[in-house]
Amino acid sequence: MSEYMNNINPDTNNSLNEGQVIVDSTASENGTGEGGTSYEKTPSPRKPKNLKAGAMVAVAVCVAAALTITGVATNGFGLAGKTSTSTTTASSSDSDSSSRNSGSSSNTVKAAAASATDISETSSLDVSDMFTDRDLAQTWDESKAETITLSDGASSTSADGVTIDGDTITITKEGVYVLSGTLSDGQIIVDCEDEDAKVQLVLNGVTISNDSSAAIYIKSADKTFITTASGTTNTLSMTGSSYEAIDENNNDAVIFAKDDLTLNGEGTLNVTGSTGHGIVCKDDLKVTGGTYNITSPDHALNGKDSVRIAGGTLNLKTTEDGGDGIHSGNDEDDTKGWIYIQDGDITIDAADDGIHSGTEVRIDGGTINVTNSYEGIEGEVINVVDGTINVVSSDDGFNAVGGSTTEASDSKGFGGGMGGGMMDTDENAAMYFYGGTTTVDAGGDGLDSNGYLVVNGGTIYVSGPTDAGNGAIDSGISATINGGIVIAAGAAGMDENFGSDSTQGSIKVQTSSMVTGEVQLLDADGNVLASWTPTKQYSSVVISTAGIEDGSTYTVKTGSESTEVTMDGLIYGESSGMGGFGGGKGGMQGGNGGPGNGGQRPDMNSNGSSDSSDGNSSDSGFGGHGGMTPPDMGSSDDSGSSDNSQRGPRGGRPGSNGSSDSNSSGSTSSDGNL
């Protein structure tokens, strides 16, 4: 439940160097500059991602009911929710004509039912129409090629469709252009009058640097192909401290394209930006071949309408807060902004998200290694069909979250507060696994969906959080398993099991203390049904695999400990308790929250106590919190961050019976900032 518990102090966790100057990333999303000559902006504190949709916490109906029971006035404490659906169209350009083949899909980008077991039910994308033959071709038609030789102050070509002005080379006609040579402070511009023009730039040993703009700027063309010649290494860089306007467009990347862009070939392209993005495309960005080493402060690959990857080797690194490895988002059209990965070898070291989509992330294959990230893979809907995925994140490993959430709207402060279990819920957010092998090492939640989490197949290993405020598995609405193998280990406290609507058995056990070592599931005959060794300490394990049957007895080995389990149904071990609710309503700046109730399970039918036979701990709940001042919903900046997000001290400590801390007062303390 990292949305609530993981950011204890956003001023500390989300700080940004006040002296830092960064490129206006909002302009790269909107495609227009603001103010003319400079695209610098004053940095603002990074949006606390754990506070979804700019709210401090989400409030479910059960919270309002509990507050009513304890006599807390609920006027103005209503539930705000909005539901939206969007239709995604997958389209591609015909490589041999100026017409556009629009293979539309009428599916909606939203969560399907928890029982959905087929990718056609959960994905909006028409994968048969992702790439054209020319996208996938890694060579070029040499019989049609023109040559351009780059040299400082002495570039040359015989092509009719090329003009040279100093070290700026402008291509104005459709064609194939083979480039070689060096420009120490120059630029290639594609600016075709024919809006249906297709231009192919073949990089055949090219080095281009620019001190204040893009090395390659695609201003106008139906589609541009940047193809790296086999056996060559090509280098593009932006070396200055800021991008300067050369026209009405916000040119803020080493490669900046206003129209469709395809990267292919058999060579190597190195892209380095001292500020801004690596590669930005304001339409559809495709990668089908070649090797790419991209380092930039902001997003390495940014396709506004979509990012589609069918092959190639990509090594992506971002260095500033907000910099995603692969990013797609379209604020003006919610049918776009999706990411599709069919194949490829992708390594990401991201200052922010490894992969981030405003709508859907779909992975059908390839190898993806997110070696460092804030959140590993994020989108409103995430579909993992196949491939090998390894994610390391300081917060959530996988995060399914959209813009429509249920959130608190009372501006007076909450009562004693909620425990760690409550979070935003979003009916459109969902995460589905169908195949492949996924390994997650997360500091926050391992698999976190604000809506549905459904495992239909594949192999999933999660080394989850070592703090009790997060869980290896976390769902806002429901978690369901119908097939595959899952071993998810993390700290007890917010640990969640799959639900009773699952068709495959699942076992959750807790250890006596934090342990290390291999997790094994053995049947009554001692056969190992599943095993894996988490990378960190853990005190709770969820394990599910084919062969777990109602009425059968199993042994779960967790390091040196061993637990015998007899199944009574398909699910053993319920999710751990939510935090108790504080007694009184806190004031504007905190107030005195009363004692929290005992930890309570999500079904709201138990006080958190249980006998040892169901695998639950009687002290797994969180006590209530002191009074809370929610974010000022009217003063958030463009990123959704807020400067008014403090709460009073906790009512009860994790694992306690919910009694208030002795120092719980209206003033904030070292543990009272959120």
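This is a tour of selected places in the structure, in the order in which you might select them.

The model is predicted: local features need pLDDT of at least 70, side-chain atom pairs count only at pLDDT 80 or more, and totals for chains, interfaces and linings use all residues. Residues are numbered from 1 along each chain as its sequence is written, and side-chain values use heavy atoms, with hydrogens and water left out.

**Parallel strands**

Select residues 291-296, which make up strand β21. Helices (H or I, at least four residues) and strands (E, at least two) are DSSP runs, numbered from the N terminus. On the covered face of β21 are Tyr-292, Ile-294 and Ser-296, while Thr-291, Asn-293 and Thr-295 are on the uncovered face.

Now add residues 268-273, strand β18, which pairs with β21 in the parallel sense over five bridges. Two strands pair if DSSP finds at least two bridges between them. Asn-270 has Asn-293 of β21 as its bridge partner. Then add residues 313-318, strand β24, which runs parallel to β21 and is joined to it by six bridges. Here Lys-317 in β24 stands opposite Thr-295.

**Salt bridges**

The whole structure holds 12 salt bridges. A salt bridge is a side-chain nitrogen of Lys or Arg within 4 Å of a carboxyl oxygen of Asp or Glu.

Select Lys-223 and Asp-135, whose side chains meet in a salt bridge of 2.6 Å, N to O. Lys-223 is in strand β14 (residues 223-228) and Asp-135 in helix α6 (residues 133-136), so this pair ties together parts 88 residues apart in sequence. Both Lys-223 and Asp-135 are buried; buried means under 20% relative accessible area, exposed over 50%, and partly exposed in between (1.4 Å probe, protein chains only). Add Lys-286 to the selection: Asp-135, Lys-223 and Lys-286 are linked in a network of salt bridges.

Next, select Arg-362 and Asp-364, which form a salt bridge with their closest N and O atoms 2.9 Å apart. Arg-362 and Asp-364 are both buried.

Move on to Asp-495 and Lys-508, where the salt bridge is 3.2 Å, N to O. Asp-495 lies in the loop between β43 and β44 (506-515) and Lys-508 in strand β44, so the pair ties together parts 13 residues apart in sequence. Asp-495 and Lys-508 are both buried.

**Aromatic pairs**

Rings of Phe, Tyr and Trp (its six-membered ring) pair if their centres lie within 6.5 Å; planes under 30 degrees apart count as stacked, over 60 as edge-to-face and the rest as tilted. By this rule there are three aromatic pairs.

Select Phe-398 and Phe-433, a tilted pair at 5.6 Å centre to centre, with 55° between the planes. Phe-398 is in strand β34 (residues 398-400) and Phe-433 in strand β36 (residues 430-433), so the pair ties together parts 35 residues apart in sequence. Both Phe-398 and Phe-433 are buried.

Then select Tyr-461 and Trp-532: their ring centres are 5.0 Å apart and their planes at 10°, so the pair is stacked. Tyr-461 in strand β40 (residues 459-463) and Trp-532 in strand β46 (residues 528-532) are 71 residues apart, and the pair links these distant parts of the chain. Tyr-461 and Trp-532 are both buried.

**A glycine in a loop**

Finish at Gly-484, in the loop between β42 (478-481) and β43 (485-490). Gly-484 is partly exposed, with a relative accessible area of 23%. Its C-alpha atom is 5.7 Å from that of Thr-459, 25 residues away along the chain.

Which residues does Gly-484 touch, not counting those up to four places away in sequence? They are Asn-456, Gly-457, Gly-458, Gln-504, Ser-544, Thr-545 and Ala-546, where contact means heavy atoms within 4.5 Å.
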